[in-house]
Amino acid sequence: MANMNLSIIQSMIDALDKPAIFIRPDYSIQAVNQAYLDTYQQPVKLGLSRCHEISHHATEPCDRHGEQCPLLYCQQHGRSSSVVHVHHTQAGLQHCDILMRPVRDDDGITLGYLEILNKVEFAAAGAGVNKMVGVSAPFNRMLNLLNRAASADISVLLQGETGTGKELAARAVHDASQRHDKPFVIIECTGLSEALFESELFGHEKGAFTGASHAKKGLVELANGGTLFFDEIGDVPLNMQVKLLRLLETRSFRSVGGLQPKRSDFRLVCASHKNLLSMVDAGEFRQDLYYRIAGFPVQLPALRERQRDIPLLVEQFLLGAAEHKQFSDAAMQQLCLYDYPGNIRELKSIVEQASLIANDNLIQVEDLPQMLQPRGSEQAEPGNSICSLEELEKYYLAQQCEVFSGTFEQLASALGVSDRTLYRKLHKFGLRYRSQPQ
Ligand SMILES: Nc1ncnc2c1ncn2[C@@H]1O[C@H](COP(=O)(O)OP(=O)(O)OP(=O)(O)O)[C@@H](O)[C@H]1O
């Protein structure tokens, strides 16, 4: 590449305050800025060092290790790519949101790729800190979406089964947004009566109703400048949905007993474990409200879709429950095989229970709750955990859904089954492959 072009690119990345490099299609780093050099441990030799050697300490590109390679995506699709990877940095393992763009000359010839890195501060690849913990591909894909949503002021809808971390994700969006130093206000929608709904949300004036001895600000007003989080929005009854819609459309409201309209400037985040679109179809949720709240929908993966994160989460929860204890290999295997209908919350409670039950520092299979005991364990040797072939099949499928990088059809073919059979098996085990047809 002409030196002229390279010096322009160098000046361009020098102007960025985020770590950035310019790489060639063979992954070699041609230009690097100071922020990048400060972030990573390995020294960069221009023209020789390859990006994956610096960020992953790996001799091969990321896609050989089951991660989506942003450079490959740019090459295949001719457009920018964005993905979250876990990198080796001076500060240890860290989630980085990578934005990669092809750089072309005046004739449209691709000169190379610009890679800009953005640390995902609200996630952790190791236990010990109060952050969203995980390293699996479905978890990293979710981080990528949360990070993107956080930087805009768009309304975010978090959908996922109970206990998948929706409230934690809502806080992460707030903490990573420009509103992070303003209030984060939670509205728990389950079980709110109409009267409570209005006075909780909009506040009331003195004497507005019996017992209103003083005026009280509502949650909407308290959230001014910050984020308003509606947890379990699917539980808001239809007659209250109209009032909610009006608030969201105008950002203005009237307190109970008040005459003057008030305004509040808030960022909206909603969560639901129910499928809101099905509720719209069933006439249980207003369609106009759905489109108002679902500016940026994010699906949180179930724990059974991110089995790789279980040992890390277990370590995290042991730190809070019994720091000196650990699970035996057989017990950890059982933990990884279980379904977790209650997701991360259930895992946390299982870890807390088992660590209390274990008499010594090594938590054994026998210390786990009944539903995690291997089938037929009455006949099995103590500590010898045999799992059924069906469990093994589910475990293997869940792993492949996480690491396989091809299409749904390619996954079926790699597993030696038809598309229909794969679809049926995934459905049976409550699993989903990311590019699975609906
Ligand atoms: N990635 C994670 N790392 C560590 N802890 C997590 C993670 N995700 C969730 N948790 C923990 O799991 C528990 C459940 O999380 P949370 O309350 O955010 O789930 P939820 O989806 O909002 O649940 P619900 O649908 O029941 O309201 C909490 O104790 C939370 O701290």
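**Exercise 1. The overall fold**

What percentage of residues 132-356 is helix, what percentage is strand, and how far apart are the end C-alpha atoms? Work this out, then set the stretch in the context of the chain.

*Solution.* Before we start, a word on the model: it is predicted, local features need pLDDT of at least 70, side-chain atom pairs count only at pLDDT 80 or more, and totals for chains, interfaces and linings use all residues. Residues are numbered from 1 along each chain as its sequence is written.

Step 1. Residues 132-356 are 44% helix and 16% strand, with the end C-alpha atoms 25 Å apart. Helices (H or I, at least four residues) and strands (E, at least two) are DSSP runs, numbered from the N terminus.

Step 2. An unreviewed UniProt entry annotates residues 132-356 as "domain: Sigma-54 factor interaction"; such annotations may be inferred rather than shown by experiment, and the positions are in the numbering used here, with feature names shortened.

Step 3. In the chain there are 17 helices and 18 strands, and its C-alpha atoms fill a box of roughly 75 × 70 × 45 Å along the principal axes.

Step 4. An automatic or database assignment sets the domain bounds: domain 1 is 3-119, domain 2 is 139-299, domain 3 is 303-389 and domain 4 is 404-438. Between the C-alpha centres of domain 1 and domain 3 there are 39 Å.

**Exercise 2. Around the ligand**

Find out how many residues surround the ligand and which elements give two or more of them.

*Solution.* Step 1. The shell has 18 residues, the closest being V133, G165, K166, E167 and I344. A residue joins the shell if its C-beta atom, placed from the backbone, lies within 6 Å of the ligand.

Step 2. Two or more residues come from each of β7 (132-133), α6 (166-175), α12 (310-321) and α14 (343-357).

Step 3. Domain 2 and domain 3 each supply at least three residues to the shell.

**Exercise 3. The nonpolar cores**

Describe the largest nonpolar core and trace how α6 is covered.

*Solution.* Step 1. Start with the terms. Buried means 20 or more other C-beta atoms within 10 Å of a residue's own, exposed means 12 or fewer, and partly exposed lies in between, with C-beta atoms placed from the backbone. A nonpolar core is a set of buried Ala, Val, Leu, Ile, Met, Phe, Trp, Tyr and Cys residues joined through C-beta atoms within 7 Å.

Step 2. The largest core has 76 residues, and those with the most contacts inside it are I21, L146, L158, V173 and L228. Helix α5 (residues 137-151) gives the largest share, seven residues. Domain 1 and domain 2 each contribute at least three residues to this core.

Step 3. Leaving out residues up to four places away in sequence, L146 touches A169, A172, V173 and V298. Here, contact means C-beta atoms, placed from the backbone, within 7 Å.

Step 4. In α6, the buried residues are K166, A169, A170, A172, V173 and H174. Their cover includes β7, α5, β8 (156-159), β9 (184-188), β12 (227-231) and β15 (267-272).

**Exercise 4. Two unusual backbone angles**

Locate Y340 and N343, and state whether they are buried or exposed.

*Solution.* Step 1. Most residues other than glycine have a negative phi. Y340 has a positive phi near 55°, and N343 also has a positive phi near 55°.

Step 2. Y340 sits in the loop between α13 (329-337) and α14, while N343 belongs to helix α14.

Step 3. Y340 is buried because 20 other C-beta atoms lie within 10 Å. N343 counts as buried, with 24 C-beta neighbours inside 10 Å.

Technical notes: Contact = placed C-beta atoms within 7 Å.
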